[in-house]
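Morning, everyone. One short item from me today. Let's bring it up on the screen.

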Amino acid sequence: MTKKSVSPKMMVTSEIGTLRRLLVHSPDSGLGKVVPSKAQDWLFEDIVHLDTIRKEEYDYYTKLLLYFLDPEKIKGKLRKIDDPGNRRNFYKPGHKEFYKSDKVVELQWLLEEILHQQQTKLELIAAICAMEGVPYQEQQKLQQLHPDKLAKLFISGSYDDNQLLFAPIPNFIFTRDIGIVIKDHVLLNKPAKQARTREALLAKYIFFHHPLFKDYRNNILELPEKHPHFLNPKEGGERKVTLEGGDVMVVSKDHLLIGISERTSWEAAHQAINLLFEKKIMKKVTVVRIPKKRDYMHIDTIFTQVKKNVWVLLGSFSKKAMKKLDEDPIERVLEGNPKKEDKITFIQFHAKKPEQPIYFDNLESLLEDISQNDLGCKGKTTFIYSGNNEFPFDAREQWTDSCNLLALKEGVVLGYDRNNKTTEAFRQAGFKTIHVAELLEKLESGKITPAQIKDTLVLMPSAELSRARGGFHCMSMPLLRDEPDL
């Protein structure tokens, strides 16, 4: 008798293979507590309207993910879910009507479940109270809370809507940044900003303690601080190890991209490359160094993959733009020599000969090389540009995440409906576009199935979500994707 193969719970070898499982976090009450005076400290450009984000924007995302990944949880239930009397119950971890999918996995649900483990609960309370400066008497009080209420408190910072114990972590909706799955390993992040340190701690406890990841605990990767950066006069700088998941892309089973950016240091890239080569997880790693600008933040804000041979990107990183920078000496002199951290570089390291890196002149050349040599594409590589490469729409729409798209499967991606010029560029490249509300109606009625959807940009409502400066690539941490057809 042959042994029945067990499908993995965690395996990611591409950006575009059919998505089977991911981590998400629905907007919580902490988002509604971001005030103007603290917005930038908490990495927001503006305050957002919580009810609009929940009911008119993010809820569409949750429903669409369920139709694609776990249709039994939603098929035939759409009218009940949208009923004004009980619609929020479907999205609330801890409520009996919560969707509780092991395919579209809610982080708060996982956190609540590990808090049922008494030792884990006590350890996490102690760690967070020390981090947040909570008095000992209050710490004792937290030990009496039910795991459901404690999980909400750790994320929102409050016992209820009126009593704040410590600051919320409103960036927890951007689950990409807490870590990244590389094959069957998890590389945990080391956040660059103080506002995200509690996120990193919660993520670490979830990955080490939740049963969903019990078979992968030896595959959790953490980057060490090998240099005493804290002794430096400038409190760290590039020697400090900071890394966020938006700067890491698994583009093939053997090739990883790591961005050096506002949030990820070159020391972190250095440590990650050594670790991945030492453990023989990757054969090559390409470093993409971008300017340390708030406009960009991570590499997934300037490009993401749509198909094996189709990418969406910001035109200022194209061949034409990079060539112009080299050929215009007057502009170069007037601007002065760019700082080292503002230079754009593309360096590829190979495990067999790391001392002999390969250099690329521009982003398009790198992405063409991935499409042709890693993914076996024979034809031309297509680039779809933010704002259709028209000024000022290119910069405006990149700011509202025109390049930050999530692939549900090859050729089917989610993006914001406000980026009109980028949508036009998708249509010119032969893609269909459809608003998520219309698509959900067709899925619910059976007029279409996920398998029938090809080469499509799904337009998602975005008036408030875009204020948070993150797209659907940011709001997803893929745990399991099918191997793409090569």
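I'll walk through one sheet and the helix that packs on it. Keep in mind that this is a predicted model.

The sheet first. It is open and has four strands. The order reads E14-E15-E17-E16, and the pairing is mixed. Which strands sit at the edges? Strand E14, residues 406-409, and strand E16, residues 432-435; each of them pairs on one side only. From one strand to the next, the twist averages 30 degrees.

Now to the pair E15 and E17. Strand E15 covers residues 412-416, and strand E17 covers 456-460. They run in the parallel sense, with five bridges between them. To place yourself on screen, find valine 413: its bridge partner in E17 is leucine 457.

Next, the helix. H13 spans residues 420-428 and packs on this sheet. Which strands does H13 touch? E15, E16 and E17. The direction of H13 makes about 160 degrees with that of E17.

Look at the side chains of H13. Four residues are buried: Thr422, Thr423, Ala425 and Phe426. Why do we say they line one face of the helix? Seen down the axis of H13, these buried residues fall within an arc of 155 degrees, so they line one face. Turn to the other side of H13, and you find Asn420 and Gln428 exposed.

One last stop, just after H13. Glycine 430 takes a positive phi there, about 95 degrees.

That's the tour. Questions, please.

Key: Residues numbered from 1 in each chain as written. Predicted model: local features only at pLDDT ≥ 70, side-chain atom pairs only at ≥ 80, totals over all residues. Heavy atoms only, no water. Pairing = 2+ DSSP bridges. Helix = DSSP H or I, 4+ residues; strand = E, 2+ residues; numbered from the N terminus. Axes fitted to C-alpha atoms, helices over the stretch in contact; angles between N-to-C directions. Contact = heavy atoms within 4.5 Å. Buried < 20%, exposed > 50% of the residue type's maximum accessible area, 1.4 Å probe, protein only. Arc of directions from axis to C-beta.
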